[in-house]
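Let's take a walk through this structure together. Please have the sequence and the 3D view at hand as you read.

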Amino acid sequence: MQQEAEGIPASQLSEDDLFRELSEMYRTRFDALRHGSDQALATHTQRMMELENDYLRRFPQRDIDPGRMREGARQRG
């Protein structure tokens, strides 16, 4: 049985709260990976995915940096 991610459902967060939650997830990710239990890491991953999926739902036309795409990387390299 999969455990529910903790916190307010991403779809119910304001835009500011979504950004704040995503920032916190990224800030704590490495620590969860290195030192969290398997369950803690799974919960962290599940919540991060929920937040990221909601971000993508809200911003399907997000700004994409051409340098972050494969062609841009080839031009740098």
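**A buried histidine and its surroundings**

H44 counts as buried, because its relative accessibility is 11% and buried means under 20%. Keep in mind as you look that this is a predicted model. You will find H44 in helix 2, which covers residues 38-58. What does H44 touch, leaving aside its neighbours within four places in sequence? Its contacts are M25, T28, R29 and A32. Another residue to locate from here is L33: it lies 11 residues from H44 along the chain, and the two C-alpha atoms are separated by 9.1 Å.

Now step back to the whole chain. The protein chain has 77 residues, and 18% of them count as buried. It holds 3 helices and 0 strands, so that, read from the N terminus on, the order of elements is α-α-α. If you take the contacts with a separation of 6 or more, 68% of them are between residues 24 or more positions apart.

Let's turn to helix 1 itself. This helix has 21 residues and spans 30 Å from its first C-alpha to its last, close to the 30 Å expected at 1.5 Å a residue. Along the way, helix 1 bends by about 45° at T28, and T28 is among the residues in contact with H44. Which residues of helix 1 are buried? They are L18, L22, M25 and A32. For the spacing of such residues, a general point may help: an α-helix has 3.6 residues a turn, so residues three or four places apart point the same way. Helix 2 is included in what covers the buried residues of helix 1.

How do the two helices meet? The axes of helix 1 (residues 15-35) and helix 2 come within 10 Å and cross at roughly 145°, and the crossing is left-handed. On the helix 1 side, the contact is made by E15, L18, F19, E21, L22, M25, Y26, T28, R29, A32 and L33. Helix 2 brings L41, H44, T45, R47, M48, L51, E52, D54, Y55 and R58 to it. By type, the residues of this contact divide into 11 nonpolar, 3 polar and 7 charged.

One of the charged residues deserves a closer look. R29 lies in helix 1, and it is partly exposed because its relative accessible area of 23% falls between the 20% and 50% cut-offs. Beyond its neighbours within four places in sequence, R29 is in contact with L41, H44, T45 and M48. Of these partners, T45 is 16 residues away from R29 in sequence, with 8.5 Å between the C-alpha atoms.

Finally, follow the chain past helix 2. R62 sits in the loop between helix 2 and helix 3 (70-76). Is R62 buried or partly exposed? With a relative accessibility of 38%, R62 counts as partly exposed. Leaving aside neighbours within four places in sequence, R62 is in contact with Y55 and L56. Y55 also belongs to the helix 2 residues that meet helix 1, and with that link you are back at the contact of the two helices.

Key
Residues are numbered from 1 along each chain as its sequence is written. This is a predicted model: local features need pLDDT of at least 70, side-chain atom pairs count only at pLDDT 80 or more; totals for chains, interfaces and linings use all residues. Side-chain values use heavy atoms; hydrogens and water are left out. Helices (H or I, at least four residues) and strands (E, at least two) are DSSP runs, numbered from the N terminus. Buried means under 20% relative accessible area, exposed over 50%, partly exposed in between (1.4 Å probe, protein chains only). Contact means heavy atoms within 4.5 Å. Axes are lines fitted to C-alpha atoms, for helices over the stretch in contact, and angles run from 0 to 180 degrees between N-to-C directions. A crossing is left-handed if the near helix is turned anticlockwise from the far one by less than a right angle, and right-handed if clockwise. Ala, Val, Leu, Ile, Met, Phe, Trp, Tyr, Cys and Pro count as nonpolar, Asp, Glu, Lys and Arg as charged, and the others, Gly among them, as polar. The expected span of a helix is 1.5 Å times one less than its number of residues. The bend at a residue is the angle between axes fitted to the seven residues ending there and the seven starting there.
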